[in-house]
Amino acid sequence: MSEPRKIIIDTDPGQDDAAAIMLALGSPELDILGITTVAGNVPLARTSCNARIILEFCSRTDVKVYAGADRPIARPLVTAEHVHGKTGLDGPELHEPQMPLEARHAVDFIIETLRREPAGTVTLCTLGPLTNIATALEKAPDIAGRVRELVMMGGGFFEGGNITPAAEFNIYVDPEAAAAVFKSGIPIVMMPLDVTHKVLTLKSRVASLREIGSRPAKALVEMLDFFERFDVEKYGSDGGPLHDPTVIAYLLKPELFSGRDCNVEIETTSPLTVGMTVVDWWQVTGRKHNARVMKDVDADGFFALLAERVGRL
Ligand code: BDR
Ligand code: CA
């Protein structure tokens, strides 16, 4: 096997963030340099606690957690307890994490890691609002040229939004941060709702996760059982969309996804559509491509990968 790919996971766990972290932990192709937390689904104190609980469920306290921004760059924080429950990780019984948070701020960890590692070797995996990444870019613009790729869960185009009719949650919470990231020149791969709404936690698909029976797998299944309730009611679908693990699945098996290079701009001013990702899918503007935007996914292949990797934990 070639050298494992170095990644930093920037996250606001969240049950689907937990699935993404577990997928990464179960994958020897990936070397997790650190997990950085951000305020999003729930406030920062809770996302930082949840990241450590997930690592402890998986007995992987060797992976370090760095707390980052506790609020968006220019707006008050919007959270999503209505989706994820009071803790953000509702479902399994949750314990107080024993492993410590690192003393270093997430933004400094991101900057120092990108400056230390050879240029073009570190991939950023973002599963929440982009506040930490935009703050790092503001503080140390030189890091933009050192990132191998940034793979994000965020946005939506034909599928519209999920927190407003126009905006997806991660982009909506910190649109100024998203705008800075899309302007940065970093090679971006975007997993929008157009993809994630196709990876529904159908009973038949979760069955193989249920069969595993290990501590992390049980915790994940209990999280997913809680998580799908809200979306099943909202969309009338059989199962909820498993957004964030698509980012990690893309690193492992890009052939599960298809999309195209596009220009993406972020709406930051209109009260009606703030946080909208304006994706030039039909290439009508002539504006410069700044992201590879995914649209389709082999959902069964994705769930098979998830179950196989969680089974290794
Ligand atoms: C995104 O928002 C959060 O609620 C999920 O964790 C995911 O990252 C989906 O819009
Ligand atoms: Ca998330």
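Two strands pair if DSSP finds at least two bridges between them; strands (E, at least two residues) and helices (H or I, at least four) are DSSP runs numbered from the N terminus. The model is predicted, with local features requiring pLDDT of at least 70 and side-chain atom pairs counting only at pLDDT 80 or more. Residues are numbered from 1 along each chain as its sequence is written.

**Exercise 1.** Determine the strand order of the eight-stranded open sheet and explain why strand 3 and strand 7 each have one side without a neighbour.

*Solution.* Step 1: the order is 3-2-1-4-5-6-10-7, with mixed pairing. Step 2: strand 3 (65-67) and strand 7 (257-262) are at the edges and have a single partner strand each, so one side of each lacks a neighbour in the sheet.

**Exercise 2.** Establish the sense in which strand 5 and strand 6 pair.

*Solution.* Step 1: strands of a sheet pair through backbone hydrogen bonds, either parallel or antiparallel. Step 2: strand 5 (residues 147-153) and strand 6 (residues 188-191) are joined by four bridges in the parallel sense. Step 3: Leu150 has Ile188 in strand 6 as its bridge partner.

**Exercise 3.** Classify the aromatic pair of Phe302 and Phe303, and state whether these residues are buried or exposed.

*Solution.* Step 1: rings of Phe, Tyr and Trp (its six-membered ring) pair if their centres lie within 6.5 Å; planes under 30 degrees apart are stacked, over 60 edge-to-face and the rest tilted. Step 2: the whole structure holds seven aromatic pairs. Step 3: Phe302 and Phe303 are edge-to-face, at 5.1 Å centre to centre and 90 degrees between the planes. Step 4: both Phe302 and Phe303 are buried (under 20% relative accessible area, with exposed over 50% and partly exposed in between; 1.4 Å probe, protein chains only).

Methods. Chains are lettered from A and ligands numbered from 1 in the order in which they are written. Side-chain values use heavy atoms; hydrogens and water are left out.
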